[in-house]
Amino acid sequence: MENQIKDVSATDNKRTHKAFLRMITFISTFGGLLFGYDTGVVNGALPYMSRKDQLNLTPFTEGLVTSSLLLGAAFGAVFGGRLSDRNGRRKTILMLAVLFFIAALGCTFSPNATVMVIFRFLLGLAVGGASVTVPTFLAELSPAERRGQIVTKNELMIVTGQFLAFSFNAIIASTLGESAHVWRYMLVIATLPAVFLWFGMLIVPESPRWLATKGKFGDALRVLKQIREEIQAQSELAEIKKAITEEAELQKATVRDLNIPWVRRIVVIGIGVAIVNQITGVNSIMYYGTEILKDAGFATQAAIIGNVANGVISVLAASTGMWLLGRVNRRPMLLVGLGGTTTALLLIGVFSIVLNGSQALPYVVLSLTVMFLAFMQGSVGPVTWLVLSEIFPMRLRGIGMGFSVFCLWIANFVIGLTFPVLLNSIGLSTTFFVFVVLGIAAIIFVKKYMPETRGRTLEELEHSFRTYGDHNGEQALQASEHTETTRI
């Protein structure tokens with residue numbers, strides 16, 4: 001009888017730990033939800049804010065309003081990581097929630113394009129910071145066996161945020177479409193999840209890993225006991241202490257390490273994979289989907305409603321992609337995804353010429369954007385972020401991820417800035433033919449340079465990079481490490 005009581009008690013404790021971890025995951029991934037909403041809401045708001053009696057935007061200023069967030073995100077990703085290392089993951093997310101709230105209000109009440117661009121840039125700082133801090137926070141709280149499942153929930157929340165943006169845009173456009181300031185109602189909704197994130201994070205504990213790096217082992221153990229069983233918490237703290245000791249003995253990578261061939265190669269591959277994610281043209285559809293459908297022949301309200309289909313397929317495809325990642329190799333999955341996205345873009349370009357002026361064209365374009373997003377969100381997106389987290393050995397992870405994510409956001413910025421200009425100057429079909437060429441280049445790059453990472457440890461990957469091509473990379477690394485050791 002006593003043993004049965006103990007078993008029941010242990011089971012209840014396990015459920016309590018899992019429930020608390022689920023609550024932490026749900027609250028913190030509202031950072032991802034805000035990421036998705038704030039990047040997706042401009043899709044439906046842009047046609048209204050562009051009107052002459054509103055912000056009177058030209059194709060160039062449309063691109064500037066959209067892409068200013070992306071430029072801010074590039075810098076937010078760089079500085080967000082540093083802030084979370086210094087101040088803690090929880091405190092940084094709290095600060096980001098405040099920035100999300102203030103910037104969303106600033107965008108809502110912007111009297112002109114200049115003010116809008118400034119607040120969109122500030123919103124981008126929050127988006128970039130969240131794109132780095134939230135996954136790190138989740139990874140450091142998750143048990144090893146569930147880390148992939150928990151961390152990828154942030155990706156699902158990002159596409160859910162975009163889906164909600166498209167849905168609220170459609171509802172508001174249908175009910176308040178005649179209102180002069182309808183776009184402001186679309187933007188102000190972003191303040192609500194920001195408020196939830198801030199209040200929610202007040203009851204969420206700090207990352208035990210971060211606490212341990214600051215020497216606060218007692219606090220780290222207290223947090224671990226809230227989300228793990230007693231024995232597991234003690235064991236994990238011992239592993240964290242060991243890892244901290246080992247990392248303290250490692251020399252940090254510097255820009256000078258790029259002189260070493262194998263280091264340079266792995267960083268170039270990381271940057272290349274990040275840029276491949278963007279030159280598919282995905283964010284031209286996520287940001288300008290309404291403009292694309294309008295150009296194809298839909299009225300503004302119909303185009304905004306049509307975009308809900310893009311949001312739905314993004315959520316479904318992202319869920320499918322997460323399931324596939326544990327079952328198929330990364331490289332062929334990415335190649336299939338790129339083949340699908342490039343084919344969809346080619347067909348959009350072809351049918352835009354063949355069916356020009358036809359009533360069928362807008363429905364064909366909508367169907368093809370749905371096809372594009374099925375391949376993009378179900379394959380290219382998940383594989384990109386997973387591979388970037390896998391290819392860099394511990395010593396290079398900070399500098400490698402920093403370069404790669406910065407380049408991803410800069411590529412996103414360039415595409416976001418130039419797409420409406422291209423659409424206005426060379427038309428829908430030619431614009432998508434440009435992305436087809438870029439898609440073919442992406443396929444060639446992945447096929448030629450990207451390694452397969454599934455089923456290989458980080459140490460095995462590092463060894464393959466070190467020994468690839470010629471032995472000079474290994475000799476250069478040894479010389480570099482010898483120089484550092486001598487200086488120390």
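Rings of Phe, Tyr and Trp count as a pair if their centres lie within 6.5 Å, and planes over 60 degrees apart make the pair edge-to-face.

**Entry 1: aromatic pairs.** I am working from a predicted model, and with that criterion I looked up the ring pairs and found that the structure holds 11 of them. I then looked at the pair of W198 and F199, whose ring centres are 5.0 Å apart and whose planes stand at 90 degrees, so I noted this pair as edge-to-face. For the surroundings of these two residues I took the relative accessibility, which is 32% for W198, a value that counts as partly exposed, and 53% for F199, which counts as exposed. The next pair I wrote down is F419 with F432, again edge-to-face, with 6.2 Å from centre to centre and 75 degrees between the planes; here I found both F419 and F432 to be buried. I also followed the ring pairs that join F26, F30 and F196, and recorded these residues as a cluster.

**Entry 2: salt bridges.** How many salt bridges does a search of the whole structure find? I noted three, and I went through them in turn.

- D85 pairs with R89, and the closest N and O atoms of this salt bridge are 2.8 Å apart. I entered D85 as partly exposed because its relative accessibility is 44%, whereas R89, with a relative accessible area of 7%, is buried.
- K225 and E230 meet through their side chains in a salt bridge, for which I noted 3.5 Å from N to O. K225 is partly exposed at 34% relative accessibility, and E230 is likewise partly exposed, its relative accessible area being 44%.
- R228 and E236 form a salt bridge with 2.8 Å between N and O, and I recorded R228 and E236 as buried.

**Entry 3: helix 2 against helix 6.** I turned next to helix 2, residues 30-40, and helix 6, residues 113-141, whose axes come within 9 Å and cross at roughly 145 degrees. The crossing of helix 2 past helix 6 is left-handed. Which residues of helix 2 meet helix 6? I listed G31, F35, D38 and T39 on the side of helix 2, and R120, L123, V127, A130, S131 and V134 on the side of helix 6. Sorting the residues of this contact by character, I counted five as nonpolar, three as polar and two as charged.

Key. Residues numbered from 1 in each chain as written. Predicted model: local features only at pLDDT ≥ 70, side-chain atom pairs only at ≥ 80, totals over all residues. Heavy atoms only, no water. Salt bridge = Lys/Arg side-chain N within 4 Å of Asp/Glu carboxyl O. Buried < 20%, exposed > 50% of the residue type's maximum accessible area, 1.4 Å probe, protein only. Axes fitted to C-alpha atoms, helices over the stretch in contact; angles between N-to-C directions. Helix = DSSP H or I, 4+ residues; strand = E, 2+ residues; numbered from the N terminus. Left-handed = near helix turned anticlockwise from the far one by under 90°. Contact = heavy atoms within 4.5 Å. Nonpolar A, V, L, I, M, F, W, Y, C, P; charged D, E, K, R; others polar. Phe/Tyr/Trp six-rings, centres within 6.5 Å; stacked < 30°, edge-to-face > 60°.
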